[in-house]
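Please open the structure in a viewer and keep the selection panel at hand. The tour proceeds stop by stop, with a selection at each one.

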Amino acid sequence: MSDPKPLLVVDDLKMHFPIYKGALLRREVARVRAVDGVSFEIYPGETLGLVGESGCGKSTTGRALLQLYRPTGGKVVFDGVELTALKGDKALFPYRRHMQMIFQDPYACLNPRMTVGDIIAEPLRTHGLTPDKGAMMEQVQALMVRCGLNPQYVRRYPHEFSGGQRQRIGIARALATSPRFIVCDEPISALDVSIQAQIMNLLQDLQQEMGLTYLFIAHDLAAVRHISDRIAVMYLGKVVEIADYASLYANPRHPYTRALISAVPIPDPEIELTRERIVLEGDVPSPINPPTGCRFHTRCPARRAHPEIADRCVNEVPLLQGDDHRVACHLYDIAEPRDRAA
Amino acid sequence: MSDDILLSVEDLEVHFKTEGGIVKAVDGVSFQLKRGETLGIVGESGSGKSVTCNSIMRLIPSPPGRIAGGRILFEGRDLRTIPQKEMLRLRGNEISMIFQDPMTSLNPFLKVSRQLTEVLELHQRMTGQQARKVALEMLELVGIPDPSRRFDQYPHQFSGGMRQRVMIAMALLCKPKLLIADEPTTALDVTIQAQILELIRDLKEKVGTSVILVTHDLGVVAGMADDLLVMYAGKVAEYAPARPLFKTPAHPYTDGLLKSVPRLDEMEHTRLQSIRGLPPIVTKLPPGCPFRPRCDYATEVCGQDYPARRSFGGPAHFAHCHHPLQTPDEEVKA
Ligand SMILES: Nc1ncnc2c1ncn2[C@@H]1O[C@H](COP(=O)(O)OP(=O)(O)OP(=O)(O)O)[C@@H](O)[C@H]1O
Ligand SMILES: Nc1ncnc2c1ncn2[C@@H]1O[C@H](COP(=O)(O)OP(=O)(O)OP(=O)(O)O)[C@@H](O)[C@H]1O
Ligand code: SF4
Ligand code: SF4
Ligand SMILES: [Mg+2]
Ligand SMILES: [Mg+2]
């Protein structure tokens, strides 16, 4: 399904946030390495899923791709244009309409004093895309219909809508400028189970119709697997594994991916009864002071089982390697990755 | 029969006075919980799961809330009518509750050690030293690494998962007969959720505690619950042991819910069958079956009469639906 030429290339992306101390002489005392050397590419029309636990850097990656944060290192190339080389908002402006974002909490990002119609029309105005008022209204109402909203509600305010409806408003607004690429940051996490499926179906339908490309961020691996063509797994600012959705589940290689998969409950009592469970110990360490070498080494069950690599895990950063199915783990350095997978 | 039943809730009704009118947050809910078993309660936001749990704990704020009807029998005694003093004793000793947000039960200004030992000194009349020993053991049991070092820290010095453990430790100190867990893992990451669920499983086995587990995650209850209660708009849609509930659901809402969640083990990408429409507004429920506006099987009668309770393959599995997806046993009177 992948076109040979990627729409988006991310190369060694870094986003470090400085932490300052002192009122007068502000000096940097530490850095949050929120995203610390992430590389992947996204092909036109595909969905790349991004999973990982709270604080691992998913949202920061999404924002840095869209240049909502200017990355502190690495490259983001969109349709052949190196966005990270463009200086200033003016230079970026023409590209912004092609790259949009959908957020987790639709309420927090919808202006409570604007009508739904104005909210959806705002990006059209910003980008000067619709000249006259009548055409604008028509376009807004068409977007509402497309996103499953009653166009008669165009003059209502966000608080008059349910969570699922607000998410539809957020989607309609993101679609207004006919973008090619959308970062969906936890678009279903705040919704009721029965509404999550509606929104996922809507996102899939829109993708088909409009040829959209998605980065779908969520901590729910089952949802990510359902909607994604390929999946990248993040841990503490790094991508540890990236593969197509089927092989990531059928043949996970990174010890963290394995633990993550085994931790996701499956709604079937018979399967739950007999499943293998890998229960990880401890918590995710802080991105201010991440562990040396492999960042997962403090919790990794595989490292304990493989004393021959235990030291390297502590001292050497494993590189993401492989062709279609890439993994960053010393277990796979020794032999051909494919042989070790079994 | 009654001896192995720890808790029996019968026709519970809880009302709230609001600007929009009386909200029947819980409307005729009945279930039984056996000793050592786990009951899972699922349903959408606002369906009455927390209100049901809070009623058992006698934690309904009044006003605006009021338990308007029904009985809550704990070992045969009605928790609605026992004296407040007796209720307080039960709450510390025999029934404990854990919440989604651990800070609702932890005091941010007290050291963890104090919060744990206080419970023991108060309820079990232990000396300071005994209490300290027992509390430390409990922290160890719930998997706090290096508990003696962490013992004298404050809650904010713990991570979210660790705080959840401290709260569980506190809830289990008195080895309660009943543990009510209201979305205990919703705010946590899956690997931490797995740790906490493993812990609850383990303690159930060791202590023999009965558990009520509230969650919106059908996967979580699939691996934890013996029986399941599916709530919709304050009412019981379906009640069943876990296997038949997941395999042969009788209520269209249960069926829809199961089909609308993506499964990690799905082989190919299929389209989810979503439930159409929106969750109900409890102040504006339609007459008849509350699920009717979203139900594919609805007929005229669904808009007129609330469906009576019908059982499926024995009384352990029942649902309220005029057109159930399974063949009902003989019609029973509601
Ligand atoms: N603007 C900021 N300034 C400083 N630190 C930040 C900033 N934004 C994010 N961080 C930190 O960067 C790390 C990654 O955060 P991010 O929000 O990207 O995680 P996430 O994977 O999206 O988590 P979640 O699942 O909780 O949304 C966290 O430790 C966070 O505290
Ligand atoms: N203090 C209160 N005052 C007024 N209404 C209340 C109060 N507490 C609960 N309710 C109402 O009772 C109904 C049931 O609420 P409850 O908290 O039990 O839902 P829930 O199933 O636990 O939902 P969630 O999944 O969101 O936790 C809701 O409609 C709610 O608005
Ligand atoms: S590199 Fe070592 S510590 Fe890291 S995941 Fe692989 S085995 Fe575990
Ligand atoms: S009673 Fe009617 S509307 Fe209600 S769930 Fe059954 S078929 Fe659907
Ligand atoms: Mg995020
Ligand atoms: Mg609740």
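The stops below cover the two chains, two ligand sites and several backbone features.

This is a predicted model, in which local features need pLDDT of at least 70 and side-chain atom pairs count only at pLDDT 80 or more, while totals for chains, interfaces and linings use all residues. Residues are numbered from 1 along each chain as its sequence is written, chains are lettered from A and ligands numbered from 1 in the order in which they are written, and side-chain values use heavy atoms, with hydrogens and water left out.

**Stop 1: chain A**

Select chain A and display it as a cartoon. It has 13 helices and 11 strands; helices (H or I, at least four residues) and strands (E, at least two) are DSSP runs, numbered from the N terminus. The C-alpha trace of chain A spans about 70 × 60 × 45 Å along its principal axes. Its radius of gyration is 21 Å, which agrees with the value near 20 Å of a compact globule with 342 residues; this radius is taken over C-alpha atoms, and the globule rule is 2.2 Å times the number of residues to the power 0.38.

Colour chain A by accessibility next. Of its 342 residues, 53% are buried, where buried means under 20% relative accessible area, exposed over 50%, and partly exposed in between (1.4 Å probe, protein chains only). Chain A exposes about 14,900 Å², of which carbon and sulfur atoms supply 50%; accessible areas come from the Shrake-Rupley method with a 1.4 Å probe, and for residues only the protein chains shown count as cover. Among contacts in chain A with a separation of 6 or more, 63% are between residues 24 or more positions apart, a contact being heavy atoms within 4.5 Å.

**Stop 2: helix H9 of chain A**

Select residues 255-263 of chain A. Is this helix, H9, enclosed or open? Because 8 of its 9 residues are buried, H9(A) is largely enclosed by the rest of the structure. The buried residues include Pro255(A), Tyr256(A), Leu260(A) and Ile261(A).

**Stop 3: ligand 1**

Select ligand 1 and the residues near it, that is, those with a heavy atom within 4 Å. The selection should hold 14 residues, and the closest are Ser54(A), Gly55(A), Lys58(A), Ser59(A) and Thr60(A). Strand S2 (27-42) and helix H1 (58-65) of chain A each supply at least two residues of this shell, and H1(A) gives the largest share, 3 residues. By class, the shell has 6 nonpolar, 5 polar and 3 charged residues; Ala, Val, Leu, Ile, Met, Phe, Trp, Tyr, Cys and Pro count as nonpolar, Asp, Glu, Lys and Arg as charged, and the others, Gly among them, as polar.

Now show the side chains of three residues; each forms a polar contact, a pair of N or O atoms within 3.5 Å.

- Lys58(A): an N or O atom of its side chain is 2.8 Å from an oxygen atom of ligand 1.
- Ser59(A): a polar side-chain atom lies 2.8 Å from an oxygen atom of ligand 1.
- Thr60(A): a polar side-chain atom lies 2.5 Å from an oxygen atom of ligand 1.

Ligand 1 taken alone exposes 640 Å², and the protein buries 64% of that.

**Stop 4: chain B**

Move to chain B, which has 10 helices and 12 strands. Its radius of gyration of 21 Å is close to the 20 Å that the globule rule gives for 334 residues, so chain B is as compact as a globular protein of that length. The C-alpha trace of chain B spans about 65 × 55 × 45 Å along its principal axes, and 54% of the 334 residues count as buried.

**Stop 5: backbone features in chain B**

Most residues other than glycine have a negative phi, and most peptide bonds are trans. Select the loop between helix H1 (49-56) and strand S4 (65-74) of chain B, where Pro63(B) is placed. The peptide bond from Ser62(B) to Pro63(B) is cis, with omega near -10 degrees. Another cis bond joins Pro63(B) and Pro64(B), with omega about 5 degrees.

Arg58(B) lies in the loop between H1 and S4 of chain B. Its phi is positive, about 55 degrees, although it is not a glycine, and Arg58(B) is partly exposed at a relative accessible area of 23%.

Continue to Glu75(B), in the loop between S4 and strand S5 (77-78) of chain B. Phi of Glu75(B) is positive, near 50 degrees, and this residue is partly exposed at 31% relative accessibility.

**Stop 6: ligand 4**

Finally, select ligand 4. Which residues come nearest? Of the 13 around it, they are Cys289(B), Cys295(B), Cys302(B), Cys321(B) and His322(B). The shell around ligand 4 has 9 nonpolar, 3 polar and 1 charged residues.

Key:
A polar contact is a pair of N or O atoms within 3.5 Å; within protein, one must be able to donate a hydrogen and the other to accept it, and residues adjacent in sequence count only if both atoms are side-chain atoms.
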